[in-house]
Amino acid sequence: MGFDLASILTNGHPGLLLPALAALGLTFAAIWHLQGRAWALLYVVLIPFLNWSFGVIPEFPIVAPGDDVFRQGVSLHPMTMVTGMVFVIRDFVQREMGHRVLILMAIAVAWSFFYAWPVIALASGIAFAISEGVDWLLFTFTKYRLSTRILLSSAVAAPVDTTVFLYGADLAKQMELGMDPGNSLHVANWIVFVIGKMVGAVIVSRIIRKREDAGLISPHEA
């Protein structure tokens with residue numbers, strides 16, 4: 001059990017357990033010092049976990065390749081809807097600790113290089129830098145009620161993130177698995193990924209809207 005835990009924490013390199021534990025300790029200390037709590041910790045853990053999962057957990061096919069309309073087929077990764085929740089969680093982190101959420105994003109992407117394929121981590125870093133920037137701007141500067149801001153920021157960020165990430169995933173599979181170009185980045189896959197990512201945002205937005213209407217939370221909380 002100890003070796004299994006060490007292997008998980010070090011991404012299969014148990015000899016790096018002590019440096020990894022030290023780095024994790026510094027990460028948790030930084031989150032606490034920046035006044036992040038539960039949402040912030042979940043955010044930092046979730047990003048590298050999702051990037052790791054895209055290199056380890058296989059996608060499952062929805063439409064098999066060879067169809068006249070979907071020549072490359074259509075597949076869905078089990079973590080796609082969870083990925084969409086990252087944008088929503090980021091919004092809650094910003095409510096918890098303000099613009100310091102951008103520092104947490106950088107920390108989470110840095111951990112991705114340790115736990116995921118380098119190309120996946122790089123694509124994820126670029127995707128998050130762009131899409132989270134868009135998400136942050138919309139969530140920060142629009143005057144819409146909270147439930148609307150969550151939905152709007154996710155709707156803008158999800159397509160941007162999907163485009164950049166699928167390009168990186170496509171390239172990573174070519175380099176790591178010898179797959180053909182276009183294995184991940186094509187129109188059908190793009191649509192499925194964006195829809196999957198928006199499911200979580202829609203659910204959370206509706207829950208928040210009901211709480212706003214019931215007077216349980218302020219619609220204009222930052």
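**Close-up views of a predicted model**

**View 1. Helix H4 within the predicted model.** Because 13 of its 18 residues are buried (under 20% relative accessible area, 1.4 Å probe, protein chains only), H4 is largely enclosed by the rest of the structure. Helices are DSSP runs of H or I with at least four residues, numbered from the N terminus. H4 covers residues 80-97, and its end C-alpha atoms lie 26 Å apart, in agreement with the 26 Å expected at 1.5 Å a residue (1.5 Å times one less than the number of residues). Glycine 98, just after H4, adopts a positive phi of about 70°.

**View 2. A nonpolar surface patch.** Met81, Val187, Ile191, Ile195, Val199, Ile203 and Ile207 together expose about 640 Å² of accessible area (Shrake-Rupley method, 1.4 Å probe, with only the protein chains shown as cover). Patch members have over 30% relative accessible area and no salt bridge, nonpolar side chains being joined within 5 Å; a salt bridge places a side-chain nitrogen of Lys or Arg within 4 Å of a carboxyl oxygen of Asp or Glu. Helix H8 (residues 187-213) contributes the largest share, six residues. An α-helix has 3.6 residues a turn, so residues three or four places apart point the same way.

**View 3. Isoleucine 207.** This residue of helix H8 is partly exposed, at a relative accessible area of 48% (partly exposed lies between the 20% and 50% limits).

**Model notes.** Residues are numbered from 1 along each chain as its sequence is written. In this predicted model, local features need pLDDT of at least 70 and side-chain atom pairs pLDDT 80 or more, while totals for chains, interfaces and linings use all residues, and side-chain values use heavy atoms, without hydrogens and water.

Note on methods
Helix = DSSP H or I, 4+ residues; strand = E, 2+ residues; numbered from the N terminus. Patch = residues over 30% accessible without salt bridge, like charges linked within 9 Å, V, L, I, M, F, W, Y side chains within 5 Å.
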